[in-house]
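Open your viewer, set the display to cartoon with side chains at hand, and follow along stop by stop.

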Amino acid sequence: MEPLTENFQDTVKSLLIRHQSVLDILTKGQEASARVNRAVVKSVTSCGCLAIDAHKKPIPENATLYDLKALLDSNVQGNLCDNCRETIESELGKQLFYIAALANTLDISLDEVFEREMKKLSTLTIFNMT
Ligand SMILES: [Zn+2]
């Protein structure tokens, strides 16, 4: 069976007709990325299911990277409601579409990108994640 990413890339290839130029793909991809960010922000400012509590955290001078992992967090409070989750998932899907379109245009296999990245991540330790 064909890997999901390959299947996805093939589907994107068959559907991308109007915006095949790499210029369209790059700019539409950037627009999709901005829409993901906008959807996350709207979950805070319009819906209110999420809140953001962000401020500089004092970091002790002798803190280790393990300490940092415990000290620092996502700054997100609350949980996505069903509506916001659906919107963000939809926007992420559109972003994936243009990532696949760019990979297709440049003859890059997303499956290989995932594998290479997974290999890289699996060799990392907390000491080289900064
Ligand atoms: Zn919400």
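Start by selecting aspartate 73, which is partly exposed because its relative accessibility is 48% (buried means under 20% relative accessible area, exposed over 50%, partly exposed in between, with a 1.4 Å probe and protein chains only). Now add lysine 57: the two side chains meet in a salt bridge, 2.9 Å from N to O (a side-chain nitrogen of Lys or Arg within 4 Å of a carboxyl oxygen of Asp or Glu). Lysine 57 sits in the loop between β1 and α3 and aspartate 73 in the loop between α3 and β2, so this pair ties together parts that are 16 residues apart in sequence. Helices (H or I, at least four residues) and strands (E, at least two) are DSSP runs, numbered from the N terminus.

A word on what is on your screen: this is a predicted model, in which local features need pLDDT of at least 70 and side-chain atom pairs count only at pLDDT 80 or more, while totals for chains, interfaces and linings use all residues. Residues are numbered from 1 along each chain as its sequence is written, and side-chain values use heavy atoms, with hydrogens and water left out.

**The loops around α3**

Select alanine 54 next, in the loop between β1 (50-52) and α3 (65-71). Alanine 54 counts as exposed, at 53% relative accessibility. Show serine 74 as well: the C-alpha atoms of alanine 54 and serine 74 are 8.5 Å apart in space, with their positions 20 residues apart in sequence. Then click on asparagine 75, in the loop between α3 and β2 (76-78). Asparagine 75 has a phi near 70°, a positive value in a residue other than glycine.

**The zinc site**

Which residues coordinate the zinc ion? Select Cys47, Cys49, Cys81 and Cys84, whose SG atoms bind the zinc ion at 2.3 Å (donors are N, O and S atoms within 2.8 Å of the metal, or 3.2 Å for Na, K and Ca; water is not among the atoms, so sites may look incomplete). The angles between the four donor atoms run from 104 to 118°, which makes the arrangement tetrahedral (four donors with all angles between 85 and 135 degrees). Cysteine 47 belongs to helix α2 (residues 22-47) and cysteine 84 to helix α4 (residues 82-105), so the pair ties together parts that are 37 residues apart in sequence. Cysteine 84 is buried, with a relative accessible area of 11%, whereas cysteine 47 is partly exposed at 42%.

**Along helix α2**

Stay on helix α2 and pick serine 43. Is serine 43 buried or exposed? Serine 43 is buried, because its relative accessible area is 0%. A polar atom of the serine 43 side chain lies 2.5 Å from the backbone oxygen of valine 40.

Now select glutamate 31 and lysine 28, which form a salt bridge with their closest N and O atoms 3.9 Å apart. Both lie in helix α2, three residues apart, about one turn of the helix.

**Last stops: α5 and the α4–α5 loop**

In helix α5, select glutamate 117 and lysine 120, three residues apart. Their side chains meet in a salt bridge at 3.3 Å, N to O. Finish at aspartate 107, in the loop between α4 and α5 (110-123). Aspartate 107 is exposed, with a relative accessible area of 73%, and its phi is positive, about 55°, although it is not a glycine.

How values were computed:
Tetrahedral: all angles 85-135°; square planar, octahedral: opposite > 155°, others 65-115°. Polar contact = N/O pair within 3.5 Å; in protein donor to acceptor, adjacent residues only side chain to side chain.
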